[in-house]
Each structure stands twice: as structure tokens, then as C-alpha cells.
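Q: I should like a close examination of one part of this model, namely its buried interior. Please treat the packing, the enclosed space and any aromatic pairing in one connected account.

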Amino acid sequence: MALWDRIKESASTMQTQLNAKKNDLKSGGFRDASMAMCALVAAADGSIDASERQRVASLIMGNDVLQNFPAADLQRRFDDYCQQLTADFDFGKVGVLQTIGKVAKKPTEARAVIQIGIVIGGADGDFDASERAVVREACFAVGISPNEFDL
């Protein structure tokens, strides 16, 4: 199977798993960690251009699991995390990873946040090395082995 097909299949599988747990994913901690993860993946290469921000925002709004939360609230949180990362990527990443780490004691939420990162990263068919690296860091923040997700 070609790499492109494996990336698409993996993102699709992750989304299916997320949808199955939708009713368990309604906490504020999950909401915040998910938006932090989306911003982190968007900024994985150290910057976020307008088209990338728009693409990720569209994916957030179209994600069934994230429909548990008001769209305006998700957008505000996503924008705030993006701002932290663009102001100072290294320092912003520390704060964003701390936010993601707050779901570590809730395994269902922790795995779902990692899966959202993979879905967002693979949505364009190119889950590149910098995106994989930040999702791997997020795995460590929530106490899950990156190997569980082939990272």
C-alpha cells in the first residue's frame, strides 16, 4: 500500500474511532486539549499561514466529535493557541503541551486528542515529519507511547 493511501486510511480509522466515543468527549479539558492539539499541528513547521489556519478551522468545524462544543468557542480557543505559538513558537509550545497534558488522567480523552492531531495532520494527505514530531511530543505529554499510533 502506498504511503498516501496508508495516511488516508489511518486518518479515516482515527475519525471512526473518535465518532464512536463522541458521547464520552464533552469535558472542557478535552475541548481545550483538542484545540491546543489542532493549533500545534497547524504550527508544526514553526509558522501558521492564513490558508493553513483556514484549512484547520474548516476541519475543526466539520469534525463530528467537536460538534459537542459551540463553534465560536472552539474558534476563539484555536485562535488563542495559534497566537501563543506564532508569538514565540518554543515558549508557546510549552504552554500548549501543558494544556494537552491536562487530559493525561483520562485515557479516553488523551487518546482522542492524539487521534485528532493525526486526523488534522493527515487531512491533506501529507502527515509530514514536523507534524508527526509534535504529535509524538503530545503523546509524551499525555503519557501514551507514540508507538501505539505508529509515531
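In which helix is Ser34 found?

A: Ser34 is found in helix α2, where helices (H or I, at least four residues) are DSSP runs numbered from the N terminus. The model is predicted, so local features need pLDDT of at least 70 and side-chain atom pairs count only at pLDDT 80 or more, while totals for chains, interfaces and linings use all residues. Residues are numbered from 1 along each chain as its sequence is written, and side-chain values use heavy atoms, with hydrogens and water left out.

Ser34 has a relative accessible area of 0% and is therefore buried (buried means under 20% relative accessible area, exposed over 50%, partly exposed in between, with a 1.4 Å probe and protein chains only). Not counting residues up to four places away in sequence, Ser34 touches Leu66, Val113 and Ile116, a contact being heavy atoms within 4.5 Å.

The next topic is the nonpolar core, a set of buried Ala, Val, Leu, Ile, Met, Phe, Trp, Tyr and Cys residues joined through side-chain atoms within 4.5 Å. The largest such core holds 45 residues, of which Phe30, Phe78, Ile100 and Ile114 touch the most other members. At least two residues of this core come from each of α2 (28-42), α3 (50-62), α4 (71-87), α5 (89-101), α6 (107-122) and α7 (129-142). Helix α2 gives the most, with ten residues. In soluble globular proteins, nonpolar side chains tend to be buried together.

Phe30 also belongs to the one aromatic pair found in a search of the whole structure. Its partner is Phe69; the ring centres are 6.3 Å apart and the planes lie at 35°, so the pair is tilted (rings of Phe, Tyr and Trp, the last by its six-membered ring, pair if their centres lie within 6.5 Å; planes under 30 degrees apart count as stacked, over 60 as edge-to-face and the rest as tilted). The pair links distant parts of the chain, for Phe30 is in helix α2 and Phe69 in the loop between α3 and α4, 39 residues apart. Both Phe30 and Phe69 are buried.

Phe78, leaving aside its neighbours within four places in sequence, is in contact with Met35, Cys38, Ala39, Ala42, Arg53, Val56 and Ile60.
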